[in-house]
Amino acid sequence: ACIAANDEWGYYLALGVNVLLVALAIPWAAVGLSDELGTAKSKNVTLHEALFNSNHNLNWLSLARLFLFASRDFWFEVPLPFYLRSPPCESIGLPCGDGATCPDGTECDGATALCRNINDGGG
């Protein structure tokens, strides 16, 4: 079954599943991880050495990863919330008034008697 983003219990279900997964991971992390994790095995690296490695392939890989992760973060911060809260396209432009109601995410425009998006710029 598909859980819609606007179902009230769907959010709490997803939040509960995430809390459960984190709670299951905490004992494994406390018991299963090595004490040597996070300790330096050699001398500290300077900022210049970390940013400008002599291996050019590694530099290109780092640049590609920076682009990919920045693109993903931008998608989650800017267009995705607009996409999730916009109504389906088929509900925009439906006739309203005279007892007819508009679907979720739309409202009746009194001037045109058509359903319109309540979110400016979305959908």
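Arginine 72 is partly exposed in this predicted model, with a relative accessible area of 40%. Its salt-bridge partner is aspartate 73, which also counts as partly exposed, at 39% relative accessibility. The closest N and O atoms of arginine 72 and aspartate 73 lie 3.0 Å apart. In general terms, side chains of opposite charge can pair when their charged atoms come close.

How many salt bridges does the structure hold? There are two. Besides the pair just described, arginine 116 bridges to glutamate 107, and here the closest N and O atoms are 2.6 Å apart. Arginine 116 has a relative accessibility of 34%, so it counts as partly exposed, the class between 20% and 50%. Glutamate 107 belongs to that class too, because its relative accessible area is 33%. Here are the two pairs side by side:

| Salt bridge | Closest N and O atoms |
|---|---|
| Arginine 72 and aspartate 73 | 3.0 Å |
| Arginine 116 and glutamate 107 | 2.6 Å |

Now to the nonpolar side of the surface. Which residues form a nonpolar patch there? They are Leu13, Val17, Leu20, Leu21 and Leu24, and together they offer about 470 Å² of accessible area. One of them, leucine 21, sits in helix H1, which covers residues 8-32.

Stepping back to the whole chain, you will find four helices and two strands. Reading from the N terminus, the order of elements is α-α-α-α-β-β, with the helices placed ahead of the strands. Of the 123 residues in the chain, 10% are buried, which means that their relative accessible area is under 20%. The accessible surface of the chain amounts to about 10,500 Å², and carbon and sulfur atoms account for 65% of that surface. As for contacts with a separation of 6 or more, 18% of them join residues 24 or more positions apart.

A last look goes to confidence. The mean pLDDT of the chain is 80, and 88% of the residues reach at least 70. Where is confidence lowest, and where is it highest? Helix H4 (residues 79-85) has the lowest confidence, with a mean of 72, while helix H3 (residues 56-77) has the highest, at 88.

Definitions and conventions. Residues are numbered from 1 along each chain as its sequence is written. Side-chain values use heavy atoms; hydrogens and water are left out. Patches are made of residues with over 30% relative accessible area and no salt bridge: like charges are joined within 9 Å, nonpolar side chains (Val, Leu, Ile, Met, Phe, Trp, Tyr) within 5 Å. Accessible areas come from the Shrake-Rupley method with a 1.4 Å probe; for residues, only the protein chains shown count as cover. A salt bridge is a side-chain nitrogen of Lys or Arg within 4 Å of a carboxyl oxygen of Asp or Glu. Buried means under 20% relative accessible area, exposed over 50%, partly exposed in between (1.4 Å probe, protein chains only). Contact means heavy atoms within 4.5 Å. pLDDT is the predictor's confidence in each residue, from 0 to 100.
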